[in-house]
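Reader: I am new to this structure, and I would like to learn how to read its features one at a time. Could you take me through them slowly?

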Amino acid sequence: MRKTSVLAGVLAVGLIATGCGGKRNEAPAAQGNSGGQQVPCDASDGRITIATGNTGGVYYTLGGGLAQLISANTKLKATAAETTASVQNIQQLVKGDYDVAFSLADTAADAVNGKGSFTAPQKVAALARIYSNSTQVVVRASSGITSVAGMRGKKISTGSPNSGTEVIANRLLQAAGLDPAKDVSAQRLALRQTVDGVKAGQLDGLVWSGGLPTPEITDLTTSMRDQVKFLDITPQLDALQKINKVYDKGSIPAAAYNLPADVPTIVVPNVLLVRDDFPAGNACAITKLLFDKKDDLVKVHPSAKELSKDLAPKTDPVPLHAGAKQALNVS
């Protein structure tokens, strides 16, 4: 089996982002979400595309590694593409531009319920719950910001347009009594642009939802050290849980970014999504591969250590695809 490295995963995505463009699945579309009927847990011949996220984020890195694993271990040829993440991923997944998509669980829940960024229920299903994102809120020490409420009048990156980060950022601001459109100078920037802006003093802070450690945040904390600091945003947790129960309390370990101490934060799970008519054999094979080749994904990014067969089926309210149920031996 071909070994997967972080560098290989990143290079794979870089090549894909420039040369793929996310075409509709060319594998046979038969079977779909087959209502629990057992099918051979084998992928068909064909091509699939995986929607990931911002360059420098964990979706981007892990998605490249997953594409390599699928291509090396099944009949499918998988490619991954850089995107703005969750909201865009689901929108284009449903359109048929992509076949598999990473998403935050809160955004996925909005999609199936036709809420938030979605005006109608979206026909998506989950292959698995994967790892959790930590909400990372970083500000320049010189900004004077000590809480989310203190962002009033400040220049804050709320993430790429139509990203899961933007959804969480806006909800955090609203939970702190701020109107994202009026009370802060919200900059809707991708992560690389965001980090560059904080370094240059053009931004006072940022909100980022990602796995630990996120490479671009590592770059920021390494280069700026005590000139930036993480905020404890858990005072906003109760308000966010009223919107969606998937939000939970967590922490950013000091070791993740060589911090003075752990930082309390809000975490939200990630899910791997497909359309509800995605071929069941393909869904079963990909889901099974996630766990059979977990060690290879850990080499791509340590967040894959969180992959758990016990947690994988816990995707409510997003339905678990029948092929994924078969792979995970759940009814």
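Reader: To begin with a single residue, in which helix does Thr221 lie?

Author: Before answering, please keep in mind that this is a predicted model. Thr221 belongs to helix α7, which covers residues 215-224.

Reader: Is Thr221 buried or exposed?

Author: A residue is called buried when its relative accessible area is under 20%. Thr221 has a relative accessible area of 9%, and therefore it is buried. Its side chain has a polar atom that lies 3.2 Å from the backbone oxygen of Thr218, and, once neighbours within four places in sequence are left aside, Thr221 is in contact with Val228, Phe230 and Tyr257.

Reader: Two of those partners sound aromatic, so how is a pair of aromatic rings described?

Author: One gives the distance of the centres and the angle of the planes. A search of the whole structure finds two aromatic pairs. In one of them, Tyr59 and Phe102 are tilted, with 5.1 Å from centre to centre and 35° between the planes. This pair links distant parts of the chain, since Tyr59 sits in helix α2 (residues 58-73) and Phe102 in strand β3, 43 residues apart.

Reader: What are the distance and the angle for Phe230 and Tyr257?

Author: Phe230 and Tyr257 form a stacked pair, 5.5 Å centre to centre, with 20° between the planes. Phe230 is in strand β8 (residues 228-230) and Tyr257 in helix α9 (residues 254-257), so the pair ties together parts that are 27 residues apart in sequence.

Reader: Are the rings of these pairs in buried or exposed residues?

Author: Tyr59 is buried, with a relative accessible area of 7%, and Phe102 counts as buried at 2% relative accessibility. In the other pair, Phe230 counts as buried at 13%, while Tyr257 counts as buried at 5%.

Reader: Phe102 brings us to strand β3, so how many of the residues of that strand are buried?

Author: Five of the five residues of β3, which spans residues 100-104, are buried, and the strand is mostly covered. Both of its faces are covered, with Val100, Phe102 and Leu104 buried on one side and Ala101 and Ser103 buried on the other.

Reader: Which strands are joined to β3 by bridges?

Author: Strand β1 (residues 46-51) is joined to β3 by two bridges, and these strands run parallel; here Ile50 stands opposite Val100. Strand β10 (residues 263-275) is joined to β3 by four bridges, and in this case the strands run antiparallel; Ala101 stands opposite Leu273 of β10.

Reader: Which residues touch the most other members of the largest nonpolar core?

Author: In that core of 78 residues, Ile50, Ile70 and Met151 touch the most other members. Strand β4 (residues 124-140) supplies the largest share of this core, eight residues. A second, separate core has 18 residues, including Val138, Leu191, Ile217 and Ala254.

Reader: What is Ile50 in contact with, leaving aside its neighbours within four places in sequence?

Author: Its contacts include Val100 and Phe102, and among the others are Leu66, Ile70 and Ala80.

Reader: Could we also look at a residue in a loop, and where is Val184 found?

Author: Val184 is found in the loop between α5 (164-175) and β6 (185-187), and it is buried, with a relative accessible area of 8%. The C-alpha atoms of Val184 and Gly153 are separated by 4.7 Å, although these residues are 31 residues apart along the chain. With neighbours within four places in sequence left aside, the contacts of Val184 include Met151, Gly153, Leu173 and Asp179.

Reader: Finally, which cysteines form a disulfide?

Author: A disulfide is a covalent bond between the sulfur atoms of two cysteines. The structure holds one disulfide, formed by Cys41 and Cys284, whose sulfur atoms are 1.9 Å apart. The torsion about the S-S bond of Cys41 and Cys284 is about -100°, so the disulfide is left-handed. The pair links distant parts of the chain, 243 residues apart, with Cys41 in the loop between α1 (6-19) and β1 and Cys284 in helix α10 (residues 280-292).

Reader: How do Cys41 and Cys284 stand in terms of relative accessibility, and which of them is buried?

Author: Cys284 is buried, with a relative accessible area of 1%, whereas Cys41 counts as partly exposed at 26% relative accessibility.

Conventions. Residues are numbered from 1 along each chain as its sequence is written. This is a predicted model: local features need pLDDT of at least 70, side-chain atom pairs count only at pLDDT 80 or more; totals for chains, interfaces and linings use all residues. Side-chain values use heavy atoms; hydrogens and water are left out. Buried means under 20% relative accessible area, exposed over 50%, partly exposed in between (1.4 Å probe, protein chains only). A polar contact is a pair of N or O atoms within 3.5 Å; within protein, one must be able to donate a hydrogen and the other to accept it, and residues adjacent in sequence count only if both atoms are side-chain atoms. Contact means heavy atoms within 4.5 Å. A nonpolar core is a set of buried Ala, Val, Leu, Ile, Met, Phe, Trp, Tyr and Cys residues joined through side-chain atoms within 4.5 Å. Two strands pair if DSSP finds at least two bridges between them. Rings of Phe, Tyr and Trp (its six-membered ring) pair if their centres lie within 6.5 Å; planes under 30 degrees apart count as stacked, over 60 as edge-to-face and the rest as tilted. A disulfide is a pair of cysteine sulfur atoms within 2.5 Å.
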